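Thanks for coming, everyone. I'll start with the ligand, then move out into the protein. Please have the structure open.

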Amino acid sequence: MTTLRAITGTRDILPEEVSAWHRIEAVARTLFARYGYREIRTPVFEMTELFARGIGAETDIVAKEMYTFDDRDGASITLRPEATAGIVRSVIERNLMNTDPALKVYAVGPMFRRERPQKGRYRQFHQVDVEAFGLSHPSIDVEVIEMALAYLEACGLARFELVLNSVGDAKCRPAYVEALRTELRRSAPKLCADCQRRIETNPLRVLDCKVPEDQAIIEGLPRISDHLCTECRDHFAEVRRELEMLGIAYRLSHRLVRGLDYYTRTTFEVVSGELGSQNSVLGGGRYDGLVKDLGGPDLTGIGFALGMERLVMLLPGADEPRRCDVFVAALVPAALDRALLLQRDLRRAGFSVLMDSEGRSFKSQMKRADKLGARFVAMLGEDEMARGVWTLRDMRGSSQEQVRDEALAAHLRERLNG
Ligand code: HAM
């Protein structure tokens, strides 16, 4: 029989590692609420058309990486490769702007991309995603970036770098893309096959190329910063001014175009040198045309998504030891019922309680209690049963005392808090 295995590029998050996940999820919920964000949960699959129109048919994500299948009724369905498009769909469909003209939402959950798996790159991965709608002033760009950095710090990440760019808008970018294409056509034969294809389909993506031989040519290409219209230039200047006013350090990169087509103006990423080639912890930007493109009102948007696997990889391994306040040991078969009752009552009183109901020997029960890290063992044998008491062993000092049945919960609380 063949062994059943997880699908390539997916991984189990095991009980030993899950506490880090709980921690970063809890930090997100507490911190984002301070900035006025509320959680939204959208479906894991959507109509394929949403992503094709939202993210862009010529992006790698849509062209090569989506998990797309025909549903039984023939509809084309795709597992979400990112969260933004689905959230925008929900904002439009459910008219969320009516109730809240400055809508701030976040989402946490799995995304799916059929990329080549490697360290920090999976086919099912998880994002913390943040989106703010209906705000145009550059101060929201800065607030979103500041919150992203505050989040990383609150999670315990010490070293990272903020990279910043502006990719212009529908007014100024087309002329830049044409200038880029003209220049690229001249160097086409010297570029890698992917870049040659991108010259016609999506020249901006060339700026993202990592092939070493292409780098000298790419560095000499026209830069978006020289082609921004007045409005985009003013917007970017104000973003930078406010970042500096808040003391937020950043590095400008004219090559930060990002892998999704919906961006306008501000784009940003946070990178970490400790991640290797998949060095982006989070990425995002403004997408002022997306809501309209997907059939909604003319509404601005900005947000970012963080890769949770990558953040967890970067955090110091602080696995919480699992908690076991009391291990209940029934030393004779007749003690089982009272042990089960005690276990239930102590759990209801707020203690974490485990026991062994397999009738194992005293020695093996003590071994088990030790392995579980139990703070106390409550033992019940024939003698204790006759006298209505429990023998309580403190596993730290190995001291023992006898406590009356009805006094046990209060006694434990005192000892555990003391
Ligand atoms: P993205 O840059 O495609 O942006 O993904 C954001 C983050 O998700 C990356 O920085 C990375 O940490 C993580 N990530 C992406 N792909 C993988 C993968 N295959 N394995 C592990 N982690 C991965 C977006 O998804 C946009 N929706 C962000 C956004 C929100 N922009 C505006 N609002």
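Which polar backbone atom is 2.8 Å from a nitrogen atom of the ligand? It belongs to Tyr 122. Keep in mind that this is a predicted model.

There are other polar contacts with the ligand. The side chain of Arg 113 puts an N or O atom 2.9 Å from a ligand oxygen. At Gly 307, a backbone N or O atom lies 3.2 Å from an oxygen atom of the ligand. Now the surface. Taken alone, the ligand exposes 650 Å². The protein buries 95% of that.

Next, the shell. It holds 27 residues around the ligand. Coming nearest are Glu 82, Glu 115, Tyr 122, Tyr 263 and Ser 280. By class, we have 10 nonpolar, nine polar and eight charged residues. Strands S6, S10 and S11 each supply at least two residues of that shell. For orientation, S6 runs 124–133, S10 runs 280–286 and S11 runs 301–307. S10 gives the most, with six residues.

On to strand S9, residues 264–271, and to Glu 269 within that strand. Is Glu 269 buried or exposed? Its relative accessibility is 14%, so Glu 269 counts as buried. What does its side chain pair with? Glu 269 makes a side-chain polar contact with Arg 258, at 3.0 Å. Beyond its sequence neighbours within four places, Glu 269 is in contact with several residues, including Glu 161, Leu 162, Val 163 and Leu 256. Ser 280, Leu 282 and Gly 283 are also among those contacts.

Stay in S9 for Arg 265. Arg 265 is not a glycine, yet its phi is positive, about 55°. Arg 265 counts as buried because its relative accessibility is 15%.

Asn 95 also has a positive phi, near 55°, and is a residue other than glycine. Asn 95 is in the loop between helix H4 (84–93) and helix H5 (96–99). With 45% relative accessibility, Asn 95 therefore counts as partly exposed.

Last topic: packing. In soluble globular proteins, nonpolar side chains tend to be buried together. Here, the largest nonpolar core has 52 residues. Ile 87, Val 91 and Phe 133 touch the most other members. Leaving out residues up to four places away in sequence, Ile 87 touches Ile 40, Thr 42, Val 105, Ala 107, Asp 129, Glu 131 and Phe 133. Another core, of 45 residues, lies apart from that one. Among its members are Val 27, Cys 155, Val 239 and Leu 311.

That's the tour. Over to you.

Notes
Residues are numbered from 1 along each chain as its sequence is written. This is a predicted model: local features need pLDDT of at least 70, side-chain atom pairs count only at pLDDT 80 or more; totals for chains, interfaces and linings use all residues. Side-chain values use heavy atoms; hydrogens and water are left out. A residue is near a molecule or strand if one of its heavy atoms lies within 4 Å of it. A polar contact is a pair of N or O atoms within 3.5 Å; within protein, one must be able to donate a hydrogen and the other to accept it, and residues adjacent in sequence count only if both atoms are side-chain atoms. Accessible areas come from the Shrake-Rupley method with a 1.4 Å probe; for residues, only the protein chains shown count as cover. Helices (H or I, at least four residues) and strands (E, at least two) are DSSP runs, numbered from the N terminus. Ala, Val, Leu, Ile, Met, Phe, Trp, Tyr, Cys and Pro count as nonpolar, Asp, Glu, Lys and Arg as charged, and the others, Gly among them, as polar. Buried means under 20% relative accessible area, exposed over 50%, partly exposed in between (1.4 Å probe, protein chains only). Contact means heavy atoms within 4.5 Å. A nonpolar core is a set of buried Ala, Val, Leu, Ile, Met, Phe, Trp, Tyr and Cys residues joined through side-chain atoms within 4.5 Å.
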